[in-house]
Amino acid sequence: MNTILGVGFILTTGLFSAKLIKRIKFPAVTAYLLLGILIGPSLFKLIPEGVLNSSGLISNVVLGIIAFGIGQNFSRYHLKKIGKPIIWISILEACGAWALVTLTFLFILRQPFYISLVFGAIASATAPAATVMVIREYRARGNFTDTLLGVVAIDDAWCLIIFAISLAISQAVYTHMMAASFLIKVFFNALLSIFGSFVLGAVLAIVLSLLYRFIRTQTELLIFTLGFIFLNIGLAIWLHLSVLLSSMFLGAILINAHRYSFKFFDALKCVDSPLFLLFFVLAGANLEISVLPKLGIISIAYLVFRVIGKVGGASLGAKISNAPENVRRYLGWGLVPQAGVALGVALIAKSDFPAVGEMIFTTIIATTVIYELIGPLCTKYALKKAGEI
Amino acid sequence: MQIKDIMSGQVISVTRSSTLRQLLKLFDKFHIFPLVPVIENDKRLIGIVSFRDLIDALSSYHPDVLKLVPFLDEEEIDIFKMDITDDIGNLVVVEDIMEREFISILEDTSLEEAYKLMRLHLKEEVPVTDKAGRLVGMVGVFDIIQAVFRQKGIIE
């Protein structure tokens with residue numbers, strides 16, 4: 001099969017498998033991942049080499065687009081509107097999963113520190129799509145639902161920051177394990193990555209705003225926006241900065257700098273869905289079934305302790321911010337699903353730590369499938385207990 | 001020539017607390033639903049309602065925050081099979097369905113600028129405001145085209 005035929009096959013089968021799975025009320029992401037596993041090299045081998053080899057390219061582009069969209073959370077209007085509970089809950093549930101998974105991997109599973117930290121950081125991500133699907137289906141309404149939506153929307157932003165910090169520390173630990181000046185280097189690396197990404201995103205956002213006045217039509221707007229996202233991703237890779245952070249900062253600064261900046265984000269909607277589909281199918285295809293049996297305990301520990309971290313962190317955040325009782329008790333259960341952001345950051349970890357990358361990535365795909373299957377049920381349980389459906 | 005010279009100054013507008021029923025009643029006799037500006041008591045423009053938002057009112061929960069969610073499956077809406085009761089007409093208010101992010105133009109914008117903006121954003125009509133953000137009128141692409149025809153002497 002040639003590459004183009006392969007892409008055509010993935011797009012069409014992906015579309016229809018998503019339609020099929022929606023009938024039994026599961027998110028489309030689950031269908032894409034399962035399809036990927038099914039037609040990937042581990043099972044039916046229906047994805048041509050050329051497409052598999054471009055996984056890295058597609059995932060970088062998709063991650064850039066996702067992170068750019070996440071940047072919208074930082075608009076002045078949005079930040080003003082979301083209340084204290086959402087900020088506290090989202091930060092603490094992300095950090096709760098991060099800390100608990102890291103500690104579990106370090107002390108119970110006896111994994112090296114840098115691997116534990118990467119798993120912890122990936123655990124902080126959630127997937128809003130599955131949660132939103134349940135909210136829509138049952139027409140949930142009320143304060144609990146509003147808080148939950150606010151939290152799932154913004155917490156991936158914290159995840160990107162947590163991951164950038166963790167990755168910088170892990171890399172430093174991995175490469176300078178023996179160095180005496182170790183702590184300073186770790187600190188410096190993390191700082192440089194965040195600050196450099198911020199500067200890159202900011203500079204590009206300013207240039208983009210300045211050139212915007214030459215844009216005349218929708219088509220030009222789409223090309224213009226995509227062009228800048230690619231420039232940003234490419235420069236971030238070239239300068240060894242964080243693709244995720246610089247894309248997020250580009251989005252965040254743009255949404256505040258430009259009056260009609262929401263149009264940039266709208267324009268992308270025309271092209272992002274097929275890219276997302278390809279990304280998820282290829283993620284599924286990268287699952288190494290032969291590695292799976294060895295990952296049983298790791299996967300179970302990750303599955304369980306991530307949820308405990310989220311539920312515990314959300315509860316603590318709700319307590320600090322004086323949120324109502326139902327939010328304090330049940331909100332964490334709405335945060336179980338994980339998908340795009342977790343897979344994306346796992347891919348980055350895979351390419352940065354080739355020796356253990358396979359193990360990290362396969363664990364995250366396997367747990368993603370499980371979380372996407374049980375996540376909607378957990379969200380439904382939370383909404384029911386909270387009394388909003 | 002500026003937008004304020006050709007816009008229509010008399011605009012049907014609603015407030016955020018207008019109900020869906022009141023909104024629909026306003027355009028009972030129209031065969032289309034125009035772009036409706038939403039204003040505060042001091043005439044400040046805070047949102048717009050388009051016919052797409054009416055469909056959203058039929059569908060379900062639709063807060064702004066959903067715009068921030070990546071890979072959200074599009075909701076399939078069959079407006080003929082929606083399970084809704086007639087009290088939705090009083091329960092849903094304009095604030096629930098209005099768009100808070102929208103294109104508007106200042107009254108002293110030139111016709112060329114306005115035309116460019118509407119073409120770029122594929123808008124047939126947009127609300128016009130003064131510098132303080134108060135609604136002063138509406139202008140459509142047709143108003144601009146008409147003005148050009150008038151300048152060329154094709155119509156009086």
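This passage describes the nonpolar cores, one helix pair of chain A and the fold of chain B in a predicted model.

The largest nonpolar core comprises 131 residues, and those with the most contacts inside it are A:Tyr32, A:Ile122, A:Leu160, A:Val345 and A:Ala346. The greatest contribution to this core comes from helix 9 of chain A (residues 143-175), which supplies 18 residues. When neighbours within four places in sequence are left aside, A:Val345 is in contact with A:Ala121, A:Ile122, A:Ala125 and A:Phe163. Another core, of 14 residues, lies apart from the largest one and includes B:Leu20, B:Leu45, B:Phe102 and B:Leu135.

In chain A, the axes of helix 16 (residues 340-352) and helix 17 (residues 354-385) come within 8 Å of each other and cross at roughly 170°, so that helix 16 of chain A is roughly antiparallel to helix 17 of chain A. The crossing of these two helices is left-handed. On the side of helix 16 of chain A, the contact involves A:Ala342, A:Leu343, A:Ala346, A:Leu347, A:Ala349, A:Lys350 and A:Ser351, which meet A:Gly357, A:Ile360, A:Phe361, A:Ile364, A:Ile365 and A:Thr368 in helix 17 of chain A. Classified by residue type, this contact has nine nonpolar, three polar and one charged residues.

Chain B contains seven helices and five strands, which follow the pattern α-α-β-β-α-α-α-β-α-β-β-α when read along the sequence. Of the 156 residues of chain B, 20% count as buried. Among contacts in chain B between residues at least 6 apart in sequence, 64% join residues at least 24 apart.

Conventions. Residues numbered from 1 in each chain as written. Chains lettered and ligands numbered in written order. Predicted model: local features only at pLDDT ≥ 70, side-chain atom pairs only at ≥ 80, totals over all residues. Axes fitted to C-alpha atoms, helices over the stretch in contact; angles between N-to-C directions. Helix = DSSP H or I, 4+ residues; strand = E, 2+ residues; numbered from the N terminus. Parallel < 35°, antiparallel > 145°, perpendicular 65-115°, else oblique. Left-handed = near helix turned anticlockwise from the far one by under 90°. Contact = placed C-beta atoms within 7 Å. Nonpolar A, V, L, I, M, F, W, Y, C, P; charged D, E, K, R; others polar. Buried ≥ 20, exposed ≤ 12 C-beta atoms within 10 Å, placed from the backbone. Core = buried A, V, L, I, M, F, W, Y, C linked by C-beta atoms within 7 Å.
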